[in-house]
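Thanks for coming, everyone. Let me put the model up, and then we'll walk through it.

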Amino acid sequence: MKIWVDADACPNVIKDIIFRAADRTQTYVTLIANQYISHTPSKYIDAVQVQQGFDVADDEIVKRLNAGDLVVTADIPLASESIDKGAIALNPRGELYTTENIKARLEMRNFMETLRNSGVETGGPKALNHRDREKFANCLDKLLLKK
């Protein structure tokens with residue numbers, strides 16, 4: 001298993017959890033982003049900067065990942081494409097995207113986007129809290145133990 005991180009929007013505290021887990025379990029991690037992303041020096045951690053543009057980083061992740069890899073992202077369309085390729089998708093709040101829940105999440109995302117495009121204020125996601133970080137770390141550990 002290799003971990004792919006949609007790093008443009010991934011909170012630093014989540015990246016730190018991933019970095020520690022990568023070193024502890026000797027799991028390779030690649031951060032993909034449209035901008036330079038600093039990371040802990042480690043032979044297990046790499047970063048790739050792609051060109052600016054809509055979905056360029058997402059497309060790069062999908063192109064590089066293999067079945068059984070883990071993708072860390074809050075981007076639901078990226079999670080869906082990753083699942084379609086046989087990967088595991090986990091969001092920074094520790095929630096797994098699955099074949100059972102991804103369709104409903106895509107539909108809700110599209111509905112909310114339609115509301116926003118029509119001028120309705122939908123608000124953003126709530127701030128990441130300690131419980132979210134703990135849930136992410138626990139889920140990541142369970143996934144890495146299975147690798």
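**Core, helix and pocket**

Start at Phe-136. Setting aside neighbours within four places in sequence, Phe-136 is in contact with Ile-14, Ile-17, Ile-18, Val-72, Leu-90, Asn-91, Pro-92, Arg-93 and Gly-94. Keep in mind that this is a predicted model.

Now the wider setting. The largest nonpolar core has 24 residues. Which of them touch the most other members? Ile-3, Val-5, Ile-18, Phe-136 and Leu-140 do. Two or more residues come from each of S1, H1, S2, S4 and H5. H1 is the top contributor, giving six residues. There is another core, apart from this one. That one has 11 residues, including Ala-57, Ile-61, Val-62 and Val-71.

Let's stay with H1. It runs over residues 12-25. Does its length agree with what the residue count predicts, or disagree? At 1.5 Å a residue, its 14 residues should span 20 Å. The end C-alpha atoms are 20 Å apart, so the two agree. Right after H1 comes Gln-26, with a positive phi near 55°.

Which residues of H1 are buried? Ile-14, Lys-15, Ile-17, Ile-18, Phe-19, Ala-21 and Ala-22 are. Note the lysine in that list, Lys-15. A reminder on helices: with 3.6 residues a turn, residues three or four places apart point the same way. What covers the buried residues of H1? The cover includes four strands: S1 at 3-6, S2 at 29-33, S3 at 45-49 and S4 at 70-72. Helix H5, residues 130-146, is part of the cover too.

Next, the pocket. The largest one has a volume of about 1,200 Å³. Its lining takes in 37 residues. Nearest the centre are Ala-74, Asp-75, Ile-76, Arg-109 and Pro-125. Which helices each supply at least two lining residues? H2 (56-64), H3 (76-84) and H4 (102-117) do. H4 gives the most, with six. By type, the lining holds 17 nonpolar, seven polar and 13 charged residues.

One last residue, Ser-82. It sits in helix H3. Buried or exposed? Its relative accessibility is 0%, so Ser-82 counts as buried. Leaving out residues up to four places away in sequence, Ser-82 touches Leu-65, Val-71 and Ala-87. We met Val-71 earlier, among the residues of the 11-residue core.

That's the tour. Over to you.

Methods:
Residues numbered from 1 in each chain as written. Predicted model: local features only at pLDDT ≥ 70, side-chain atom pairs only at ≥ 80, totals over all residues. Heavy atoms only, no water. Expected span 1.5 Å × (residues − 1). Buried < 20%, exposed > 50% of the residue type's maximum accessible area, 1.4 Å probe, protein only. Contact = heavy atoms within 4.5 Å. Core = buried A, V, L, I, M, F, W, Y, C linked by side-chain atoms within 4.5 Å. 1 Å grid on protein atoms, 1.4 Å probe; cavity = no way out; pocket = protein on both sides within 12 Å on 5 of 7 lines; lining within 4 Å. Points joined across faces, edges and corners; volume = space filled by probe spheres on them. Nonpolar A, V, L, I, M, F, W, Y, C, P; charged D, E, K, R; others polar.
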